[in-house]
Amino acid sequence: MPTFSKPQSKVLFSRKPITLNMAGQRSGKSHMIGFKSGYYIKNFPRMRGMIAANTYKQLSQSTLVAVRKVWKQEFGITEYDTRRDPKGVYVVNKKPPAHFKVYEEYDRYDGIISFRNGAIVYIASLDNYDAHDGKELGWAELDETKDTKEQALTAVILGRMSQPGLYINPDGELVYSDDLQTPFESFNPVCINTSPAVGVVEWLVDMFNLNAYDEEILEKITKKDDFFYKENDNKAICIYSTFHNEHNLPRNYISNRLKTLTKGDALKFVYGYPFTQSGGEFYDEFDRLKQVKKVQFRPFKPVHLTFDFNVMPYMTMLCSQIETVTMHADELNNLYNDPSDITRPVSVTKVRFFKEYCLKSPLNSVTGVVEAFRTDYGDKVNTVFYYGDASGKNRVAGLGEYRVFDDVEKELQGFIYPGSDRTMRRNPSVLKRRKFLQEIFKGGIHFIIIEIDPIGCPELIKDFQHLKLGKDGKLKEIVKVAETKATYEKYGHTSDACEYQVCSMFEDIFKS
C-alpha cells in the first residue's frame with residue numbers, strides 16, 4: 001500500500017456513508033479517487049461504482065487521467081487492447097470482450113468502464129444529473145463537487161446508493177456478502193472530493209454544518225502539520241492544506257503560490273478554507289476571521305432585539321447583548337492587522353449577536369419570533385430594548401391606527417418599559433448604512449466591534465458574506481418558489497435588521 005498523509009488516511013478509512021474530502025489545490029484528491037476506486041474494483045467487483053465530475057470535459061481531461069494513472073501504478077490495472085495491451089483488464093464505452101466476466105449486461109455501454117473481473121464503473125458528468133436517475137450504486141467518488149448543483153447530489157446520487165453487498169464487520173473492515181441477512185452494517189460510501197469554491201457553496205456548507213466548526217477549521221488547517229477531521233451522524237469531514245502533499249510537488253511550489261496570492265485566496269487555494277468571498281460583495285470589509293466568534297448569552301443582562309418585517313422567506317429578529325471592555329493597543333492592532341496610532345488601552349463596545357430567529361411560514365410573524373425567543377430565554381431575561389425598520393411605525397392602510405410595532409410592544413410586554421424603543425425616526429439610506437458598517441468591520445471605528453455567533457446566526461453570516469453590491473445599493477437576487485410562484489429577495493433581510501440596530505445605537509457617530 002502506498003504512503004498516505006494523515007488526512008488522506010482519515011478519508012481512506014472513513015466508515016461514514018458520506019465523506020467530505022476538502023483540501024487546497026494540488027493536495028492529492030484525484031490520487032485518492034484513483035486509489036479508493038481501484039480498491040473497490042479489485043476487492044468488490046460485484047459492487048457497481050460511479051466516478052463523476054461536474055462536466056464531461058473535467059471528467060475526461062482531469063479526473064479520469066489521474067485515476068487511470070493511479071490504477072496502473074498501484075494495481076496494475078490497464079486498458080485492454082487486442083494489439084497494444086492484450087493483458088489489459090478494462091474497456092471504456094465498449095461491450096466487454098468474451099473473456100471478461102460479466103455480472104451485468106447492457107444494451108449500450110456508453111459511460112461504462114467494464115473490468116475483466118466483472119466490475120463496472122459508471123463515469124458521469126453531473127451537469128446532466130437527471131440522466132443518472134434509476135442507477136443502483138454501491139459506491140461513488142465525486143470530483144470537484146463545489147461546481148455541482150445541490151440537486152445532483154441530494155436528489156440523484158445519494159438516492160441511488162442502495163446496492164446491497166458491501167458491509168462493515170465489527171473490526172471496521174469492509175467485507176462482501178450476498179446474504180441480505182448478514183448482521184453487519186450495510187455500507188454504500190459516497191466521497192465528495194473538492195477544493196473550496198471561488199465563493200462559498202452554501203448547500204455544501206449547510207450539508208456538513210461547517211459553520212459550527214469555523215474557528216476550529218481555521219485553527220487546524222493553518223498549522224502546517226495539522227488538519228480538521230470531524231465525524232457527525234452519518235458524515236465525516238476532512239479539511240486540510242496543500243502542505244500535506246508538499247513532498248509530491250515541485251520545490252517551492254507552495255511558497256511561490258503564497259507569495260502571489262492574497263490572504264483570502266491563500267486561505268482558499270492553499271489551506272482549503274471553505275469560507276471566502278468571491279468579489280462584488282455589498283460588505284466586502286466583512287471578515288469571518290474577525291467578526292464571527294463564539295458568543296455566549298449572558299443571563300439577566302439586557303437583550304437587544306432588532307426586526308426586519310419581511311415575511312418571505314422568513315420573518316427576521318436578531319438578538320444581541322452589549323459588552324463594554326477595555327482592550328490594549330496590541331489587541332486592537334492585531335485584530336485589524338493595522339499599525340495604527342493606538343498606543344494606550346481603549347474602551348470598546350462589543351455588539352454581540354448570539355441568536356437569530358428567521359422563521360418561515362406559519363411562524364413568520366412578530367408573534368412567532370417573539371414566542372420562540374420567550375421559549376428559549378424568557379426565564380433568563382429581565383430587560384429588552386428593540387429596534388427595527390422605521391416604516392413599522394407608520395399606520396397600515398385600511399387598519400386604522402394599527403402599526404406593525406404595536407405587535408412588537410404587545411408581544412414583549414413584561415420585558416420592555418417606555419425607554420425600550422430605540423427605533424430611529426427614519427431609516428437612513430442603504431449606502432449610508434453600508435458605509436458605517438464597513439468602517440466598523442475594517443476597524444476604522446476601532447471602539448466598536450461586531451461579533452456574530454456561527455451557530456446562533458447562520459443567516460446573518462450568509463447575508464454579510466454573500467449579499468452583492470447593486471447599482472444603487474443591495475443587489476436584489478430574486479428567488480421564485482416553484483410550488484406557489486411566489487417571489488422573494490434571497491438576501492438582505494438579516495443585514496437590514498443589523499443595520500437598523502447598529503446605526504441607532506451609535507446614532508451620534510453615524511450622523512457625524
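# A tour from Glu144 to helix 15

Start by selecting Glu144, which sits in the loop between strand 6 (139–143) and helix 4 (150–160). Bear in mind that the model on screen is predicted.

Show the surface around this residue. Glu144 has a relative accessible area of 15% and is therefore buried, the cut-off being under 20%. Next, display its side chain together with the backbone of Ser195: the Glu144 side chain reaches the backbone nitrogen of Ser195 at 3.1 Å. To see the rest of the surroundings, add Lys29, Asn54, Gln58, Asn193 and Thr194, which are also in contact with Glu144; this set, with Ser195, leaves aside neighbours within four places in sequence.

Now turn to the sheet. Colour its nine strands in the order 3-4-5-2-6-10-1-12-11; the sheet is open and its pairing is mixed. At its edges lie strand 3 (90–92) and strand 11 (228–232), each of which pairs on one side only. Looking across the strands, the average turn between neighbours is 15 degrees, with direction ignored.

Zoom in on strand 4 (residues 112–115) and strand 5 (residues 120–125). Three bridges join this pair, and the sense is antiparallel. One residue pair to pick out is Ile112 with its bridge partner Tyr122, the latter in strand 5.

Then add helix 3 (residues 56–75), which packs on the sheet. Helix 3 touches strand 2 (49–53), strand 3, strand 4, strand 5 and strand 6. Its direction makes about 130 degrees with that of strand 2.

For the nonpolar interior, hide the backbone and show side chains. The largest nonpolar core holds 48 residues, and the members that touch the most others are Leu142, Ile157, Ile192, Phe208 and Leu210. Select Phe208 and its contacts: Ile18, Leu20, Ile192, Tyr213, Lys235, Ala236 and Ile237, leaving aside neighbours within four places in sequence. A second core, separate from this one, has 39 residues, among them Phe4, Val70, Ala119 and Val121. In soluble globular proteins, nonpolar side chains tend to be buried together.

The last stop is helix 15 (residues 493–505). From first C-alpha to last, its 13 residues reach 19 Å, close to the 18 Å expected at 1.5 Å a residue. How many of the residues of helix 15 are buried? The number is 12 of the 13, so the helix is largely enclosed by the rest of the structure. Step along the buried positions of helix 15: His493, Thr494, Ser495, Asp496, Ala497, Cys498, Glu499, Tyr500, Gln501, Val502, Cys503 and Ser504.

Definitions and conventions. Residues numbered from 1 in each chain as written. Predicted model: local features only at pLDDT ≥ 70, side-chain atom pairs only at ≥ 80, totals over all residues. Heavy atoms only, no water. Core = buried A, V, L, I, M, F, W, Y, C linked by side-chain atoms within 4.5 Å. Buried < 20%, exposed > 50% of the residue type's maximum accessible area, 1.4 Å probe, protein only. Contact = heavy atoms within 4.5 Å. Helix = DSSP H or I, 4+ residues; strand = E, 2+ residues; numbered from the N terminus. Polar contact = N/O pair within 3.5 Å; in protein donor to acceptor, adjacent residues only side chain to side chain. Pairing = 2+ DSSP bridges. Axes fitted to C-alpha atoms, helices over the stretch in contact; angles between N-to-C directions. Expected span 1.5 Å × (residues − 1).
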